[in-house]
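Reader: I have the sequence and the model open. Walk me through the fold, one question at a time.

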Amino acid sequence: MSELSVLFPKPVTVPMGTTQVTVKPVTLEHFEAFGQAAGELLSMLQNATPAQIYAYARQSGALDVVLGSCTSLGRWRRRRLPAAAAVSLMFAVIQVNSSFFDQALVQAASQLGGSTLSSS
């Protein structure tokens with residue numbers, strides 16, 4: 001049954017002010033753009049201020065890629081988010097999706113390790 005949770009992850013709901021936002025798993029269609037955006041944003045996390053991260057994310061389109069493909073927020077609502085809320089939600093999306101990828105990698109490693117042992 002745990003294989004199905006990796007293959008078909010469920011969306012997660014996160015509170016944002018008085019509303020709930022659904023954070024969806026990244027789809028194959030957006031996988032490359034999500035990976036690039038998330039990687040760049042996480043590398044900035046150590047040295048940049050939230051304002052610098054937001055400015056970079058807005059200018060590069062990373063914010064729109066991450067929030068557009070992985071949340072229930074429409075374009076109109078995303079463009080009107082306060083900067084702090086947008087950055088916070090962006091990292092929540094990255095965290096939810098990285099947990100999914102971590103889980104998938106651990107499961108794949110255990111399955112590959114098991115098949116190696118059984119074939120020897």
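Reader: From the N terminus on, in what order do the elements of the protein run?

Author: Keep in mind that this is a predicted model. The protein has six helices and two strands. Read from the N terminus, the order is α-β-β-α-α-α-α-α.

Reader: Which elements have the lowest and the highest mean pLDDT?

Author: Start with the whole protein: the mean pLDDT is 78, and 82% of residues reach 70 or more. Among the elements, helix H1 (residues 2–7) is lowest, at 56. The highest mean, 92, belongs to E2.

Reader: Which element gives the most residues to the largest nonpolar core?

Author: That core has 27 residues, and Phe34, Leu41, Leu89 and Met90 have the most contacts inside it. Elements giving two or more residues are strands E1 (12–16) and E2 (19–23), together with helices H2 (31–44), H3 (50–60), H4 (62–70) and H6 (83–119). The top contributor, with seven residues, is H6.

Reader: What does Leu89 contact, leaving aside its neighbours within four places in sequence?

Author: Leu89 is among the core residues with the most contacts inside the core. In space, its C-alpha is 9.4 Å from that of Pro15, although the two are 74 residues apart in sequence. Beyond its sequence neighbours, Leu89 is in contact with Val14, Met16, Val21, Leu67, Thr71, Leu73 and Leu81.

Reader: Is Pro15 buried or exposed?

Author: Pro15 is found in strand E1. Its relative accessible area is 65%. The cut-off for exposed is over 50%. Pro15 is therefore exposed.

Reader: Is Val23 buried or exposed?

Author: Val23 lies in strand E2. Its relative accessibility is 0%. Buried means under 20%, so Val23 counts as buried.

Reader: What is the C-alpha to C-alpha distance between Val23 and Val96?

Author: Leaving aside neighbours within four places in sequence, Val23 is in contact with Pro11, Val12, Val14, Cys70, Val93 and Val96. Val23 and Val96 are 73 residues apart in sequence. In space, C-alpha to C-alpha, they are 7.5 Å apart.

Reader: How far apart are the end C-alpha atoms of H2?

Author: H2 has 14 residues. At 1.5 Å a residue, the helix should span 20 Å. The computed end-to-end separation agrees: 20 Å.

Reader: Which residues of H2 are buried, and what arc do they cover?

Author: The buried residues of H2 are Phe34, Ala37, Ala38 and Leu41. They sit on the same side of H2, because they cover an arc of only 95 degrees. An α-helix has 3.6 residues a turn, so residues three or four places apart point the same way. The arc covered in H2 is 95 degrees.

Reader: Which exposed residues does H3 carry on the face turned away from its buried side?

Author: Ile53, Tyr54 and Ala57 are buried in H3. Down the axis of H3, these buried residues fall within an arc of 95 degrees, so they line one face. The face turned away carries the exposed residues Ala51 and Gln59.

Reader: Which residue with a positive phi follows H3?

Author: H3 covers residues 50–60. The residue after H3 has a phi near 90 degrees, and that residue is Gly61.

Reader: What share of contacts between residues at least 6 apart in sequence joins residues at least 24 apart?

Author: Two other totals give the setting. Buried residues make up 29% of the 120 residues. The accessible surface comes to about 7600 Å², with 62% of that belonging to carbon and sulfur atoms. For the contacts you ask about, the share is 62%.

Technical notes. Residues are numbered from 1 along each chain as its sequence is written. This is a predicted model: local features need pLDDT of at least 70, side-chain atom pairs count only at pLDDT 80 or more; totals for chains, interfaces and linings use all residues. Side-chain values use heavy atoms; hydrogens and water are left out. A nonpolar core is a set of buried Ala, Val, Leu, Ile, Met, Phe, Trp, Tyr and Cys residues joined through side-chain atoms within 4.5 Å. Buried means under 20% relative accessible area, exposed over 50%, partly exposed in between (1.4 Å probe, protein chains only). Helices (H or I, at least four residues) and strands (E, at least two) are DSSP runs, numbered from the N terminus. Contact means heavy atoms within 4.5 Å. The expected span of a helix is 1.5 Å times one less than its number of residues. The arc is that of the directions from the helix axis to the C-beta atoms. Accessible areas come from the Shrake-Rupley method with a 1.4 Å probe; for residues, only the protein chains shown count as cover. pLDDT is the predictor's confidence in each residue, from 0 to 100.
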